[in-house]
Amino acid sequence: VVSEAETPVPASDLPTRAVMGVVMVAVACAAIYLGGWVFRLLVLAGAAVMLLEWADMHRVPRRWGYVGGLVLAVNLLVVSEILYPTGMMDEAIGAASFVPAWTGFGVSLGLALLLGLLARRRTMVGGYLYIAIPSFALLTINWAWFGLTFWMMLVTWATDIFAYFAGRSIGGPKLAPRISPNKTWAGLGGGFVGAAVIGALAAWYFTLGAPFLYVGGLMGLIAQAGDLYESWLKRRAGVKDSGTILPGHGGALDRLDGLLPVILATFLILVGGLWTG
């Protein structure tokens with residue numbers, strides 16, 4: 001829930017940041033454990049807020065941010081329930097279980113194009129897909145097995161935490177100074193190692209088996225690539241944070257930028273039939 005900050009965090013903000021981090025982790029874990037509509041509603045809310053932040057960053061009129069968020073929430077709610085009904089788990093999870101998700105992605109593409117046309121902003125098409133595709137994939141993965149969702153969360157959190165402490169304690173050459181001045185190669189390595197270790201332990205605990213026992217480090221790199229991409233978006237937009245909804249942490253996009261690509265990578269493992277269970 002912390003990352004190698006783009007700007008140093010004032011000491012006075014650290015308690016707020018720490019408390020908010022603990023609250024976010026507790027809420028996420030409770031929602032994953034309870035599953036069903038509790039988890040789905042949390043994902044819908046997060047997705048809608050992220051799209052609103054995207055619209056604000058790209059200076060799209062606020063009304064279209066609200067419209068987009070509403071459309072996205074309804075999209076995820078209805079399509080996920082049609083394709084993956086709450087409470088109806090697949091007895092034998094396999095690659096075929098995730099094929100219907102492509103229909104959900106197709107619906108998201110159609111709605112993204114319609115939203116972009118109505119708002120007359122091409123950026124809303126990209127933003128809608130950037131958030132809708134991994135959000136729907138997350139609902140699909142959680143429907144299959146909540147342990148996979150915990151695994152993705154733990155790997156992403158480990159990446160952020162280990163990258164933060166490695167970057168601050170070791171320092172050294174900057175990773176991408178023009179995009180995120182405070183990120184270092186040491187932080188990248190720390191995030192990789194932390195994700196590899198925590199990913200293996202989480203996969204063992206949830207009996208996920210291969211390949212999740214071994215790909216935590218790779219996911220850590222993917223998460224940091226997602227973080228850098230969002231940093232690039234913010235730098236181009238001239239903003240420090242994507243929003244202010246999370247005290248001490250910025251916006252929802254600031255906290256979930258690394259998770260989005262991790263979800264997509266995990267989904268590809270599943271749909272490709274690479275999970276041995």
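Two strands pair if DSSP finds at least two bridges between them. Keep that rule in mind for the first stop. The model on your screen is predicted.

**Stop 1: the hairpin.** Select residues 174-176, strand β1, and residues 180-184, strand β2. Two bridges join these strands, and they run antiparallel. Three residues lie between β1 and β2, and the two strands form a hairpin. Now pick Lys174. Which residue of β2 stands opposite Lys174? Thr184 does.

**Stop 2: helix α6.** Select residues 146-170. How far apart should the ends of these 25 residues be? At 1.5 Å a residue, the helix should span 36 Å. That step counts one less than the number of residues. Check the C-alpha atoms at the two ends: they are 36 Å apart, so the model agrees with the expected span. Next, click Gly171, just after α6. Gly171 has a positive phi of about 70 degrees.

**Stop 3: the largest pocket.** Show the largest pocket, with a volume of about 670 Å³. Its lining has 30 residues. Select Met24, Ala28, Leu42, Gly46 and Leu256, the closest of them to the centre.

Then colour the helices that supply at least two lining residues each: α1 (14-34), α2 (36-57), α5 (122-144), α6, α9 (252-256) and α10 (259-271). Which helix gives the most? α2 does, with eight residues.

Last, colour the lining by residue type. You should find 25 nonpolar residues, three polar and two charged.

Key
Residues numbered from 1 in each chain as written. Predicted model: local features only at pLDDT ≥ 70, side-chain atom pairs only at ≥ 80, totals over all residues. Heavy atoms only, no water. Helix = DSSP H or I, 4+ residues; strand = E, 2+ residues; numbered from the N terminus. 1 Å grid on protein atoms, 1.4 Å probe; cavity = no way out; pocket = protein on both sides within 12 Å on 5 of 7 lines; lining within 4 Å. Points joined across faces, edges and corners; volume = space filled by probe spheres on them. Nonpolar A, V, L, I, M, F, W, Y, C, P; charged D, E, K, R; others polar.
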